[in-house]
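Work through these exercises with the coordinates open. Try each task before reading its solution.

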Amino acid sequence: MSDAGQPNSQPTWMQRLREDDTTAFTEIYEAYRDKLLAVAYNRLCDLQASEDVVQDVFASLWHQRHNSQIENAGAYLATAVKYKVLDRFRREQLLRQYQQVYSADITVNTPTPESALQYKHIMELYQEEVNRLPEKCQLIFRYSREQGMPVKEIAAALNISHKTVENQLTKALRHLKGNIKHYFSLFL
């Protein structure tokens, strides 16, 4: 069921969402999550990356819920997945280019004690920021990123909903991106 398919006498999902109706968000999520995951996976061929993209898109929908220009949840979500996938490809390409340059430098020059110390310092800062996360958020993040567990397995292991896992991962990533981004810019 899409916004366009709802009878005119009933408010659309987006109308209800603009009124902070969490049930509408849940209905949208349940109606589109699997379709969006399939689209993202078809392009990325990586389940964890696809789940991350879909989670980011739903988080974006929630944050943009008061935007009156969004009339059709399905169209918004499909377009958002397309752009998130393209953005991910661009970031991965930039990372590969950086790694090529960096690995070329390493092959020409042996690693210096200074670069090893910088790497160690960055990893310590990263671990400090992860340790600052709330306990449950930290646990979910470590399961996901350090142990490679998919969202469904984390939800089952902790006996919580997959939506809660996704929300906690979003919270953790925002915290980490916001607090350590400037450290990485010093080294790039």
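**Exercise 1. Place Asp20 and describe its backbone.**

Solution. Start with location: Asp20 sits in the loop between helix 1 and helix 2. The model is predicted. Next, take the backbone angle. Asp20 is not a glycine, yet its phi is positive, about 65°. Finally, check exposure. Asp20 has a relative accessible area of 39%, so it is partly exposed, since partly exposed covers the range between 20% and 50%.

**Exercise 2. Do the same for Cys45.**

Solution. Cys45 belongs to the loop between helix 2 and helix 3. Its phi is about 55°, a positive value in a residue that is not a glycine. Now the exposure class. Cys45 has a relative accessible area of 60%. Exposed means over 50%, so Cys45 is exposed.

**Exercise 3. Summarise the secondary structure and the burial of the chain.**

Solution. Count the elements: the protein chain has eight helices and zero strands. Write them in order from the N terminus: α-α-α-α-α-α-α-α. Then turn to burial. The chain has 188 residues, and 35% of them count as buried.

**Exercise 4. Which residue forms a salt bridge with Glu27, and which parts does the pair tie together?**

Solution. Begin with the total: a search of the whole structure finds 10 salt bridges. In one of them, Glu27 pairs with Arg16, and the closest N and O atoms are 2.9 Å apart. Glu27 lies in helix 2 (residues 22–44) and Arg16 in helix 1 (residues 13–18), so the bridge ties together parts 11 residues apart in sequence. Compare the two ends. Glu27 is partly exposed, at 28% relative accessible area. Arg16 is buried, at 17%. The underlying principle is plain: side chains of opposite charge can pair when their charged atoms come close.

**Exercise 5. Locate both ends of the salt bridge between Glu71 and Arg18.**

Solution. First the distance: the side chains of Glu71 and Arg18 meet at 3.7 Å, N to O. Then the location. Glu71 is in the loop between helix 3 and helix 4, Arg18 is in helix 1, and the two are 53 residues apart. The pair links distant parts of the chain. Glu71 is partly exposed, with a relative accessible area of 48%.

**Exercise 6. Analyse the salt bridge of Arg88 and Glu92. Then name the residues joined into one network through shared partners.**

Solution. Take the contact first: Arg88 and Glu92 form a salt bridge of 3.6 Å, N to O. Now the spacing. Both residues are in helix 4, four residues apart, which means a separation of about one helical turn. Check accessibility. Arg88 is at 19% and counts as buried, because the limit is under 20%. Glu92 is partly exposed at 31%. For the network, look for shared partners: salt bridges join Arg16, Asp21 and Glu27.

**Exercise 7. Which residues make the nonpolar surface patch of about 280 Å²?**

Solution. The patch is made by Tyr83, Leu86 and Phe89. Take Leu86 as a check. Leu86 is found in helix 4 (residues 73–108). Its relative accessible area is 35%, so it is partly exposed. That value passes the patch cut-off, which is over 30%.

**Exercise 8. Characterise the largest cavity by volume and lining.**

Solution. Search first: the whole structure holds one cavity of 30 Å³ or more. Its volume is about 60 Å³. Next, read the lining, which consists of Glu51, Asp52, Gln55, Asp56, Arg145, Val151, Glu166, Leu169, Thr170 and Leu173. Helix 3 (47–63) and helix 8 (162–187) are the elements that give two or more residues to it. Sort by character: three lining residues are nonpolar, two polar and five charged.

**Exercise 9. Find partners across the sequence for Thr170 and Leu176 in helix 8.**

Solution. Thr170 lies in helix 8 and counts as buried at 9% relative accessibility. Thr170 and Asp56 are 114 residues apart in sequence, but 7.3 Å apart in space, C-alpha to C-alpha. Thr170 and Asp56 are also among the lining residues of the largest cavity. Now Leu176, also in helix 8. Leu176 is buried, with a relative accessible area of 5%. Its partner is Tyr126: 50 residues away in sequence, 7.7 Å away in space, C-alpha to C-alpha.

How values were computed
Residues numbered from 1 in each chain as written. Predicted model: local features only at pLDDT ≥ 70, side-chain atom pairs only at ≥ 80, totals over all residues. Heavy atoms only, no water. 1 Å grid on protein atoms, 1.4 Å probe; cavity = no way out; pocket = protein on both sides within 12 Å on 5 of 7 lines; lining within 4 Å. Points joined across faces, edges and corners; volume = space filled by probe spheres on them. Nonpolar A, V, L, I, M, F, W, Y, C, P; charged D, E, K, R; others polar. Patch = residues over 30% accessible without salt bridge, like charges linked within 9 Å, V, L, I, M, F, W, Y side chains within 5 Å. Areas by Shrake-Rupley, 256 points an atom, 1.4 Å probe, with all protein chains shown as cover. Salt bridge = Lys/Arg side-chain N within 4 Å of Asp/Glu carboxyl O. Buried < 20%, exposed > 50% of the residue type's maximum accessible area, 1.4 Å probe, protein only.
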